[in-house]
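Reader: I would like to go through this model and ask what stands behind each term used for it. Please set the values against the criteria.

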Amino acid sequence: MRLGIVFSLIASVFLSLTACSKEKEEASEMGSLGNIEGVWEGTINISNQPLPIIVEFEADKGMISIPLQGLNDYPLTSVKLTESDLFFNMNIQGQKLTFDGKVEQEKITGTFTQQGQAFPFELVKGSKEEEVEKDRLVEVKVKDGIIFSQLEIPQGEGPFPLMVIIAGSGPTDRNGNSIALPGKNNSLKMLAEDLAVEGVATLRYDKRGVGNNTGLAGKEEDLRFEQYIDDAAALVQFAKVDERFSKVGIIGHSEGSLIGMVASQKADADMFISIAGAGRPIDQVLLEQLQTQLPPNLLEESIDILESLKKGEQVKTVSPELQSIFRSSVQPYVISWLKYDPLEQLQKFNGPVLLVNGNLDIQVPVKDAELLHQANKDSDLLIVDKMNHILKEAPSDREGNIATYSDPNLPLAKGLIDGIVEFLQERVK
């Protein structure tokens with residue numbers, strides 16, 4: 001499990017984008033963009049740290065969004081498309097940022113340049129099959145706007161049990177895909193569709209700053225863990241008053257597990273399912289990962305930083321090597337995250353609980369599910385054989401395991417859907 005928003009920034013110029021949003025320039029030199037019209041999602045790879053971006057091309061203009069910087073639908077200054085060669089740029093505070101790339105079928109790759117520095121970027125076009133149909137797009141009010149969620153309803157007569165699916169860490173969409181990682185796995189899309197076949201309805205949604213919910217992205221320094229909790233709770237409360245649904249619960253994957261534990265309490269959910277959820281506070285999980293990646297001096301600094309953050313105190317000086325994890329703009333979010341111990345939160349929920357983990361999960365080991373099970377002895381524990389972190393069957397070697405993360409054609413691991421359906425049938429009346 002990775003820290004939810006561990007991404008590098010382009011440069012300090014982006015920190016004041018909101019203030020300069022009024023300086024939009026009229027688009028010029030627009031070519032015919034019919035061949036690339038639509039939404040493209042991807043990343044700029046800055047010093048091996050991916051920064052998620054979203055670019056939308058229309059017939060006569062283009063717009064770019066950088067969710068982690070609070071930049072939404074900023075107009076491109078110019079776009080030129082000549083056969084397969086694509087060039088577009090944007091002017092911000094007198095600086096020109098350029099993208100020079102090549103279009104190859106459903107992918108755009110090239111070079112991003114700012115202030116003489118060049119970084120590779122890649123964009124992938126959203127497929128038509130992933131567009132949300134209007135009759136399944138649900139709008140739910142939250143404190144600072146509207147969150148969009150995709151509804152999957154089984155065929156036949158209801159009412160049906162409904163599960164709100166919460167995605168894992170990072171800029172993850174409703175289908176379980178992160179725009180910060182190459183390829184797609186479609187794990188949560190498959191989960192929702194397979195459950196619908198078994199008579200279980202679902203609501204799944206893009207996280208703040210991603211896809212349909214790009215509009216909910218604020219500045220990175222303003223993001224708090226509680227916002228994710230409130231989003232999930234709002235969807236549960238929305239579904240609980242809908243007569244099409246008999247019971248309403250939550251399925252939380254990875255970081256979404258902890259979010260779901262707290263949201264289940266807040267919204268009085270009828271049941272809760274954790275898939276690959278950590279059984280320890282995030283500082284312990286993070287340090288376990290850093291031990292294998294950092295030299296002693298940086299590991300010691302990380303320990304000191306986390307101790308300060310646990311006290312609610314931000315750290316002003318952070319080594320360059322640790323900026324991607326502990327930069328000042330992300331520290332308020334980490335402080336808010338550290339308030340929640342999964343063992344304590346699970347004990348507070350009184351409804352039926354199913355704890356799921358795969359025995360080939362290289363991010364969240366089985367021991368975390370066992371810790372959660374010990375904290376709530378009335379819970380059900382399901383260990384799925386050969387299942388990895390993205391809910392697919394995987395080989396035992398690490399390289400082969402990771403390769404499944406970018407293969408959307410692999411089915412979900414055998415036993416996962418059956419285990420969830422059996423839990424709902426036996427424990428939820």
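Reader: Which residues have the most contacts inside the largest nonpolar core?

Author: The model is a predicted one. In its largest nonpolar core, which has 62 residues, the most contacts belong to Leu162, Val164, Leu203, Phe225, Leu309 and Phe326. Helix 2 (residues 225–240) gives the largest share of this core, nine residues. Another core, of 29 residues, lies apart from it and has Met190, Ile275, Ile420 and Val428 among its members.

Reader: What does Val164 touch, not counting residues up to four places away in sequence?

Author: Val164 touches Leu203, Tyr205, Leu235, Val236, Gly249, Ile250 and Ile251. A contact here requires heavy atoms within 4.5 Å.

Reader: Why is helix 2 called oblique to helix 7?

Author: The two helices pack at an angle of about 60°, and their axes are 7 Å apart. Angles under 35 degrees count as roughly parallel, over 145 as roughly antiparallel, and 65 to 115 as roughly perpendicular. The angle falls in none of these ranges, so helix 2 is oblique to helix 7.

Reader: What makes up the contact of helix 2 with helix 7?

Author: From helix 2 come Phe225, Glu226 and Tyr228, and they meet Tyr333, Ser336 and Trp337 of helix 7. By class, these residues divide into four nonpolar, one polar and one charged.

Reader: How do you know that helix 7 is mostly covered?

Author: Buried means under 20% relative accessible area, and eight of the eight residues of helix 7 (residues 331–338) are buried. They are Gln331, Pro332, Tyr333, Val334, Ile335, Ser336, Trp337 and Leu338. These buried residues pack against helix 2, helix 3, helix 4 (282–290), helix 5 (296–310) and helix 6 (323–326). In the protein chain of 429 residues, 56% count as buried.

Reader: Why is Glu198 called partly exposed?

Author: The relative accessible area of Glu198 is 41%. Buried would need a value under 20% and exposed a value over 50%. Glu198 lies in between, and is therefore partly exposed. Glu198 is in the loop between helix 1 (187–197) and strand 13 (201–204).

Reader: How far apart are Glu198 and Val421 in sequence and in space?

Author: In sequence Glu198 and Val421 are 223 residues apart, and in space 7.2 Å, C-alpha to C-alpha. Neighbours within four places in sequence aside, Glu198 is in contact with Ile417 and Val421. Across the protein chain, 64% of the contacts with a separation of 6 or more are between residues 24 or more positions apart.

Reader: What makes strand 10 and strand 17 the edge strands of the open sheet?

Author: The sheet has eight strands in the order 10-11-13-12-14-15-16-17, with mixed pairing. Strand 10 (137–142) and strand 17 (380–384) each pair on one side only, and are the edge strands. Neighbouring strands of the sheet are turned by 25° against each other on average, direction ignored.

Reader: How do you know that strand 15 and strand 16 pair?

Author: Pairing needs at least two bridges. Four bridges join strand 15 (residues 272–275) to strand 16 (residues 353–358), so the two strands pair, and they run parallel. For Phe272, the bridge partner in strand 16 is Val353. Helix 3 (residues 255–266) packs on the sheet, where it touches strand 12 (160–166), strand 14 (245–253) and strand 15. The direction of helix 3 makes about 140° with that of strand 14.

Definitions and conventions
Residues are numbered from 1 along each chain as its sequence is written. This is a predicted model: local features need pLDDT of at least 70, side-chain atom pairs count only at pLDDT 80 or more; totals for chains, interfaces and linings use all residues. Side-chain values use heavy atoms; hydrogens and water are left out. Axes are lines fitted to C-alpha atoms, for helices over the stretch in contact, and angles run from 0 to 180 degrees between N-to-C directions. A nonpolar core is a set of buried Ala, Val, Leu, Ile, Met, Phe, Trp, Tyr and Cys residues joined through side-chain atoms within 4.5 Å. Buried means under 20% relative accessible area, exposed over 50%, partly exposed in between (1.4 Å probe, protein chains only). Ala, Val, Leu, Ile, Met, Phe, Trp, Tyr, Cys and Pro count as nonpolar, Asp, Glu, Lys and Arg as charged, and the others, Gly among them, as polar.
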